[in-house]
Amino acid sequence: MPLKKCSQDKKSGWKWGDSGKCYTGPEGKKQAIKQGVAIEGPEKFSQKVKAGELEITEKDYEFLDDALTQAGLGLGDRIAFAIDLKRYLK
């Protein structure tokens, strides 16, 4: 899976892919998800979720919505994205 647990300086964190930066602390997973959306783009990110290559939870979706906003998606597109992925949330 592209979203992976990691550690840096004995602190646990999250990263996107094998060579991505390890983000630690309470915002770590949020930052890794943002990086994934920036790298993959919203459509490809969505495809990875639907294909089972990436698991996201309802809590992760809060992070995802922020990443989609930063990627330039408006409210209507973010709502459509949420509806499209709702059945895939863990």
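In which hand does helix H2 pass helix H4, right-handed or left-handed? The crossing of H2 past H4 is right-handed. This is one of several helix contacts described below, and the model in which they occur is a predicted one.

The pair just named is a suitable place to begin. Helix H4 covers residues 75–85, and its axis and that of H2 come within 11 Å, crossing at roughly 15°. Angles under 35 degrees count as roughly parallel, and H2 and H4 are therefore roughly parallel to each other. On the side of H2, the residues that make the contact are Pro42, Phe45, Ser46, Val49 and Lys50, and on the side of H4 they are Phe81, Asp84 and Leu85. Sorted by class, this contact has five nonpolar residues, one polar residue and two charged residues.

Helix H2, which spans residues 42–50, also meets helix H1, residues 28–40. Here the axes come within 6 Å and cross at roughly 115°. Because angles of 65 to 115 degrees count as roughly perpendicular, H1 and H2 are described as roughly perpendicular to each other. The crossing in which H1 passes H2 is right-handed. Ile33, Gly36, Val37 and Glu40 of H1 make this contact with Pro42, Lys44, Phe45 and Lys48 of H2. Four of the contact residues are nonpolar, one is polar and three are charged. Pro42 and Phe45 thus appear in the contact of H2 with H1 and again in the contact of H2 with H4.

Helix H1 has a further partner in helix H3, which comprises residues 58–70. The axes of H1 and H3 are 9 Å apart, and the two helices pack at an angle of about 45°. That angle makes H1 oblique to H3. Their crossing is right-handed. H1 contributes Lys29, Lys30, Ile33, Lys34 and Val37 to the contact, while H3 contributes Asp60, Phe63, Leu64, Asp66, Ala67, Leu68 and Gln70. The division by class is six nonpolar, one polar and five charged residues. Ile33 and Val37 of H1 take part in the contact with H3 as well as in the contact with H2.

The strands bring the description to another part of the chain. One disulfide is counted in the model. It joins Cys6 to Cys22, with an S to S distance of 2.1 Å. The torsion about this S-S bond is about 95°, so the disulfide is right-handed. Cys6 belongs to strand E1 (residues 3–8), whereas Cys22 lies in the loop between strand E2 (11–16) and strand E3 (23–24); the pair, 16 residues apart, links distant parts of the chain. Are these two cysteines buried or exposed? Cys6 has a relative accessibility of 14% and so counts as buried. Cys22, at 11% relative accessibility, counts as buried too.

Both cysteines are also in contact with Trp14, a residue of strand E2. With neighbours within four places in sequence left aside, the contacts of Trp14 include Leu3, Lys4 and Lys5, as well as Lys21 and Tyr23. Trp14 is further in contact with Gly28, Lys29 and Ala32, and helix H1 covers residues 28–40. Lys29 is, in addition, one of the H1 residues that make the contact with H3. Finally, the C-alpha atoms of Trp14 and Thr24 are separated by 6.6 Å, although these residues are 10 residues apart along the chain.

Methods: Residues numbered from 1 in each chain as written. Predicted model: local features only at pLDDT ≥ 70, side-chain atom pairs only at ≥ 80, totals over all residues. Heavy atoms only, no water. Axes fitted to C-alpha atoms, helices over the stretch in contact; angles between N-to-C directions. Helix = DSSP H or I, 4+ residues; strand = E, 2+ residues; numbered from the N terminus. Parallel < 35°, antiparallel > 145°, perpendicular 65-115°, else oblique. Left-handed = near helix turned anticlockwise from the far one by under 90°. Contact = heavy atoms within 4.5 Å. Nonpolar A, V, L, I, M, F, W, Y, C, P; charged D, E, K, R; others polar. Disulfide = S-S within 2.5 Å. Buried < 20%, exposed > 50% of the residue type's maximum accessible area, 1.4 Å probe, protein only.
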